[in-house]
Amino acid sequence: MNQSAPERVVVIGAGIVGASLAYHLASKGAQVTVVEAGAIASGVTGTSFAWINTSCAGIDPIAALRGGAIAAWRQLESQVPGLTMRWHGALSYGTQDGRVSPESILIDRSRIARLEPQLRQPPEQAIYEPEQGALDAVAATHALLAAAEALGATVRTHTPVLGFTVQDAQVTGVETAAGLIEADMVVLAAGTSTASLAEKLGASLQIHASPAIFLRYQAPPGLVRGIISSHAMEVRQAEDGTMLAAEDYLDDAPENQPAAMAQRTASAIRAELAGAEAIVPAFACVGLRPMPADGVPVIGYLPQVSGVYVCAMHPGVVLAAIVGHLASGEIVDGQPAPALEACRPARFLAC
């Protein structure tokens with residue numbers, strides 16, 4: 001669909017994807033308004049493990065997109081004040097999920113012990129991916145939105161979207177609890193709410209809420225230097241000692257509720273890491289990730305109505321930087337991005 005270059009762009013969603021879009025769009029001269037039903041990063045962004053990697057198990061229909069993720073984050077890190085990354089690499093072993101990246105290195109026990117000296121029993125071998133890293137997704141979202149505001153963007157939190165105004169099959173505005181916001185282009189980047197927003201415009205996007213367990217612990221600093229993904233745990237640590245862990249959602253049985261999982265994972269961490277005896281669960285929840293039915297991000301113009309662009313994906317934190325860059329090029333400059341071709345919303349029309 002050909003779209004004329006918009007001047008007024010409304011981005012719905014102030015998570016990390018919406019924040020990246022807002023910054024990139026504002027950088028290209030668009031007049032950007034970000035609308036968020038709750039607080040900044042109050043959705044799945046706040047419950048993300050935020051491991052920046054390019055790994056994928058099996059055939060990857062978005063290999064070109066995923067392959068640019070790390071470089072895009074490094075570029076943003078150099079541009080956006082207050083956006084800090086931790087490029088300490090990742091160790092994987094015993095997971096047998098088949099995820100590899102072109103930069104994967106097979107290393108032995110002695111090197112593993114040097115990289116993560118607190119491991120009680122380093123494995124004989126591990127996959128090491130030195131280019132990978134992590135970020136504080138909430139802090140990054142705030143930094144991106146602050147940079148967008150410095151470029152003239154407006155951010156409206158606690159402003160639920162009620163509907164849209166449409167004239168001659170073209171969206172002309174966003175109806176909110178605080179009134180109408182006129183728009184030449186609307187970007188739907190509202191995580192798991194993206195599908196319900198698209199439904200208001202007659203579009204059916206097969207995006208469901210995929211649960212995952214997010215855990216945070218108080219811990220002594222220095223237990224984990226990079227990212228460790230093993231059969232026993234998936235953990236990383238911030239400089240202040242805060243330890244993050246991720247677990248698969250199993251079911252809603254009492255023993256698999258977040259609080260119970262936090263205790264069980266804490267026991268596993270204590271068994272794996274010397275000095276971890278003092279870790280204390282600080283936060284545990286189920287995060288709901290926007291998961292397209294076919295696992296491929298939904299990025300591009302809605303065919304049903306002009307002036308609407310969709311950005312819904314997992315992993316959102318990983319892809320936020322590259323998608324913000326490419327999508328803003330499509331929206332403002334009219335430059336189609338080949339890396340996004342597999343992601344178009346039009347594929348759901350045949351379903």
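**Exercise 1.** Work out in what sense strand 5 and strand 7 pair, and over how many bridges.

*Solution.* Strand 5 covers residues 90-93 and strand 7 covers residues 125-129. They pair in the antiparallel sense, over three bridges. Strands here are DSSP runs of E of at least two residues, helices are runs of H or I of at least four, and both are numbered from the N terminus. Two strands pair if DSSP finds at least two bridges between them. Next, take the partners. Leu91 has Tyr128 as its bridge partner in strand 7. Ser92 stands opposite Ile127 in that strand.

The model is predicted: local features need pLDDT of at least 70, side-chain atom pairs count only at pLDDT 80 or more, and totals for chains, interfaces and linings use all residues. Residues are numbered from 1 along each chain as its sequence is written, and side-chain values use heavy atoms, with hydrogens and water left out.

**Exercise 2.** Find how strand 5 and strand 15 run, and whether the residues on the faces of strand 5 are buried or exposed.

*Solution.* Strand 15 (residues 227-230) runs parallel to strand 5, joined by four bridges. Leu91 has Ile228 as its bridge partner there. Now check the faces. Ala90 and Ser92 lie on one side, Leu91 and Tyr93 on the other, and all are buried. Buried means under 20% relative accessible area, exposed over 50%, partly exposed in between (1.4 Å probe, protein chains only).

**Exercise 3.** Place these strands in their sheet, and name its edge strands.

*Solution.* The sheet is open and has eight strands, in the order 6-7-5-15-16-17-14-18, with mixed pairing. Its edge strands are strand 6 (105-108) and strand 18 (280-292), and each pairs on one side only.

**Exercise 4.** Say which residues have the most contacts inside the largest nonpolar core.

*Solution.* This core has 60 residues. Those with the most contacts inside it are Ile16, Leu65, Trp73, Leu135, Tyr309 and Cys311. A nonpolar core is a set of buried Ala, Val, Leu, Ile, Met, Phe, Trp, Tyr and Cys residues joined through side-chain atoms within 4.5 Å. Helix 8 (residues 316-333) gives the most to the core: eleven residues. Look at Trp73. Leaving out residues up to four places away in sequence, Trp73 touches (heavy atoms within 4.5 Å) several residues, among them Ile16, Leu135 and Val317.
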